[in-house]
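Dear colleague,

I am passing on a structure that may be new to you, together with some notes on what was found in it. Please look at the sequence and the structure below before reading further.

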Amino acid sequence: MPSLQVFRRAYMQGYGSDRGPWRYRLFPEHELRAQILKRCTTSISNDGRSLGASLQPHVSSANEDRYLIMDLSLPNGVWSLTCVFDGHGGPEIADYLVTELPSFIKAGLLPTIANLDGVSDVLSRAIYVMDEAIKRDFLEIFPEEVDEIATMSDATVKARVNDQSSGGLNYQKTLRCLRGSTILLALVDPTKKHLWVLNLGDGVAVLGSRPDTSLSWNTSILSDNHNGNNPAEVDRIKQEHPDEPECIFDDRVLGNLAVTRAVGDYAFKLPRIYTEKIFLNVEPGFRVPAAIESFIPRNLSPPYVSNIASVRHVDLHAQSSCEYFILMCSDGLVDLYMDDPNRAESITSLVQKWVEIVGDVVRDDIKEAMLRLLRHALGAEDIDSVSCMLTVDMPVAYMDDTTIVLQVL
């Protein structure tokens, strides 16, 4: 006999909506595991040591996060590559990275495998070259000088860029300039002795380690926070644009974009005329053109958003008997805590909590480790809160896309 369905109502603030109350379904404890899994896309590596999961429970909101788990076969053996891409404005850049980034990295690694000192540069350059290629592809469509573009008619621009009826190649290349994505990347060499972590944007990468199973887990954050909440990033942008008080305000680049480093986002990297005359004529293009139009007057001396990534190297055999795992996540996981005044805490204490939740089970059951972390983020032992986050019937998204990759090293 099917269980009785119970519905309740909750007051919640979504993106741009009022507070409700909104209807949600209350699940019994024994159903929550299956309900979380039902709403996730998951993938596990062939060796069972890496697992990715992505969650966006709002039924009308497309998940723009992507993740990647794959092996790179090189002459010196098999390298492990895992990534989290947090797309914004649309999924096009994240999808492009999934498809194209591995080949950029593999090509860069080939001449470097005999000298691992060059791997960090290979990774950062791969991101830079990919992003510059996106710009080059677009500028080949519009090779005119800036003053010529300023005199082009809207009809001329639209005819050139909105070519969906003839294959859409120009449209796709231009659309990639409108969209953006952050990157988290972990690369492990064939000996399993070396780990490199790259980040561009505001994702979080955490290394859990312990020298002995009788000891507690140590936590090391291996990513930098590239967004407008980081004073170092704010200072960097202000120094690059010293006479522009609105280059960053409300903790956002030009008052609009939260991240300060990303692939794509060429409305923040090219002169404003490209946004005024071309990007705003892409159909379909920006979801909220008015939001783009509002920051155009502040675009005085681009670029404002950087494509230079941070890279860290970790010697995994500095302590020969040490156990390691890495946890990478999009900022949606952080937001599930920080957006709740009753659960917000420092990122340092938060990631320590994640490592403790995952650590004791990740080697034996990586799927269970992932489920425990997602359950905790959605409301921990509060069945009402978890049920509400999974099913609340709001007209707009009420949580950010949330993606996690776990890897046992």
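The notes below take up the sheet, the helices, the cores and the cysteines in turn.

Please keep in mind throughout that this is a predicted model.

The sheet is a good place to begin. Six strands make up an open sheet, in the order E3-E4-E16-E15-E9-E10, and their pairing is antiparallel. The edges of this sheet are E3 and strand E10 (218–221), each of which pairs on one side only. Between neighbouring strands the average turn is 15°, with direction ignored.

At one edge, E3 and E4 are joined as a hairpin with five residues between them, and in the turn Gly48 has a positive phi of about 75°. These two strands pair in the antiparallel sense over five bridges. Thr41 lies in E3, which covers residues 40–44, and its bridge partner in E4 is Ser54. Apart from neighbours within four places in sequence, Thr41 is in contact with Gly52, Ala53, Ser54 and Tyr67. With a relative accessible area of 48%, Thr41 is partly exposed, because the value falls between the limits of 20% and 50%.

E4 presents a covered picture, since six of its six residues are buried. On one side these are Ser50, Gly52 and Ser54, and on the other they are Leu51, Ala53 and Leu55, so that both faces of the strand are covered. In general, the side chains of a regular strand alternate between the two faces of the sheet. E4 also pairs with E16, in the antiparallel sense and over six bridges, and here Gly52 stands opposite Val405.

Val405 appears again in the next pairing, where it stands opposite Met328. That pairing joins E15 to strand E16 (residues 402–408), antiparallel and over five bridges. Helix H12 (residues 366–378) packs on the sheet and touches E3, strand E4 (50–55), E15 and E16, while its direction makes about 30° with that of E4.

Cys329 belongs to E15, which covers residues 323–329. Its relative accessible area is 0%, and Cys329 is therefore buried. When residues up to four places away in sequence are not counted, Cys329 touches Val84, Leu184, Gly203, Val204, Trp354, Thr403 and Ile404. Cys329 and Val188, which are 141 residues apart in sequence, are 18 Å apart in space from C-alpha to C-alpha.

The nonpolar cores come next. The largest of them has 64 residues, and Leu185, Leu187 and Phe279 touch the most other members. Helix H3 (residues 119–141) gives the most to this core, with nine residues. There is also a second, separate core of 47 residues, which includes Tyr24, Val206, Val358 and Met389. In soluble globular proteins, nonpolar side chains tend to be buried together. Leu185, leaving aside neighbours within four places in sequence, has contacts that include Leu81, Leu101, Ile105, Leu123, Trp196 and Met328.

H3 itself can be checked for its length. Its 23 residues should span 33 Å at 1.5 Å a residue, and its end C-alpha atoms are 34 Å apart, which agrees. Among the buried residues of H3 are Val119, Leu123, Ile127, Met130, Ile134, Phe138 and Ile141, together with Asp131 and Asp137.

Another helix, H13 (residues 383–391), holds Thr391. Thr391 has a relative accessible area of 18% and is buried, because the value is under 20%. Outside its neighbours within four places in sequence, Thr391 is in contact with Arg23, Tyr24, Arg25, Phe27, Arg39 and Tyr398.

How many disulfides are there in the model? The count comes to zero. Cys388 illustrates this, because its sulfur is 17 Å from the closest cysteine sulfur, in Cys40, and that is too far for a bond when the limit is 2.5 Å. Cys388 counts as buried, at 7% relative accessibility, and Cys177 is also buried, with a relative accessible area of 0%.

With best regards

Terms used: Residues numbered from 1 in each chain as written. Predicted model: local features only at pLDDT ≥ 70, side-chain atom pairs only at ≥ 80, totals over all residues. Heavy atoms only, no water. Helix = DSSP H or I, 4+ residues; strand = E, 2+ residues; numbered from the N terminus. Buried < 20%, exposed > 50% of the residue type's maximum accessible area, 1.4 Å probe, protein only. Contact = heavy atoms within 4.5 Å. Core = buried A, V, L, I, M, F, W, Y, C linked by side-chain atoms within 4.5 Å. Expected span 1.5 Å × (residues − 1). Pairing = 2+ DSSP bridges. Axes fitted to C-alpha atoms, helices over the stretch in contact; angles between N-to-C directions.
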